[in-house]
Amino acid sequence: MATDPANGRRGRFRIAALASGRGSNLQALIDAIAAGTLDAELAGVFSDRADAPALARARAAGAEAVAVNPRDFPSRLEYDAAFFDRVDAVQPDLVVCAGYMRLISAPAVEARAGLLVNIHPSLLPQFKGLHTHRRALEAGAPQHGASVHYVTADLDGGPVISQARVPVLPGDDEQALAERVLAREHPLLVETVRWLAAGRVQLKEHCVHVDGAPLAAPLQLGSNNRFA
Ligand code: GRF
């Protein structure tokens, strides 16, 4: 939790978001903060793409919006060092990857263990990587969904905090399934960040802990958009 050096008091929980594209998950956080249902503050949004709609959403919400161009750096390591210098400057309590499409180098991830989370459109550990909806359909999965997990150097392989499930319905195509999942991603991310901001979820020794105890299975989002 950020501390105000002027008075030593704990300030609001500060979220930095990383996003490469549309930013609908970011918008869900912005809307929840504005509605007073998420007690936090958006400290900044950071992108590898200057034209990302997510940056426009950040500006509209009055948050800092920063683009850092990967082409200006000779290597991923140097890019990540410069990019995370900007992120660290806003002193986030949590960094949310919300559609951030670049791999983050191991040193950058490991230096921020427990601080970085990602939302991924599958029920991890199923369907890591891209094209998750198509692959779920091809596999004949009866259920699909989304997961929020801690980011580790293992792509989409970090400890899973929470999940939202949807049925795969007869006649689904990739778009229909993607829309059904996305509609659950937004409340899943908001509820997960709420628990993180409340200090209820922590990463300890590579394991998710909730209210101080190791989590046996990911938290499941109920139809009331809360964890049971
Ligand atoms: C979401 O499906 C998210 O799970 C994945 O990328 C997509 C981003 O969508 N990581 P948006 O930019 O939040 O609208």
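These notebook entries cover how helix 1 and helix 5 pack against helix 6.

**Setup.** I am working from a predicted model, where local features need pLDDT of at least 70, side-chain atom pairs count only at pLDDT 80 or more, and totals for chains, interfaces and linings use all residues. Residues are numbered from 1 along each chain as its sequence is written, and side-chain values use heavy atoms, without hydrogens and water.

**Helix 1 on helix 6.** I looked up residues 24-35 (helix 1) against residues 174-197 (helix 6); helices are DSSP runs (H or I, at least four residues), numbered from the N terminus. Their axes come within 9 Å and cross at roughly 50°. Axes are lines fitted to C-alpha atoms over the stretch in contact, and angles run from 0 to 180 degrees between N-to-C directions. That makes helix 1 oblique to helix 6 (not under 35, not over 145, not 65 to 115 degrees). The crossing is right-handed (near helix turned clockwise from the far one by less than a right angle).

I then listed the contact (heavy atoms within 4.5 Å). Helix 1 gives Ser24, Asn25, Ala28, Leu29 and Ala32. Helix 6 gives Leu182, Glu185, His186, Leu189, Val190 and Val193. By class, I have seven nonpolar, three polar and one charged residues.

**Helix 5 on helix 6.** Next I took helix 5, residues 132-139. Its axis comes within 9 Å of that of helix 6, crossing at roughly 115°. That makes helix 5 roughly perpendicular to helix 6 (65 to 115 degrees). This crossing is right-handed. His133, Arg134, Ala136 and Leu137 of helix 5 touch Glu174, Leu177, Ala178 and Val181 of helix 6. I noted five nonpolar, one polar and two charged residues here.

Definitions and conventions. Helix = DSSP H or I, 4+ residues; strand = E, 2+ residues; numbered from the N terminus. Nonpolar A, V, L, I, M, F, W, Y, C, P; charged D, E, K, R; others polar.
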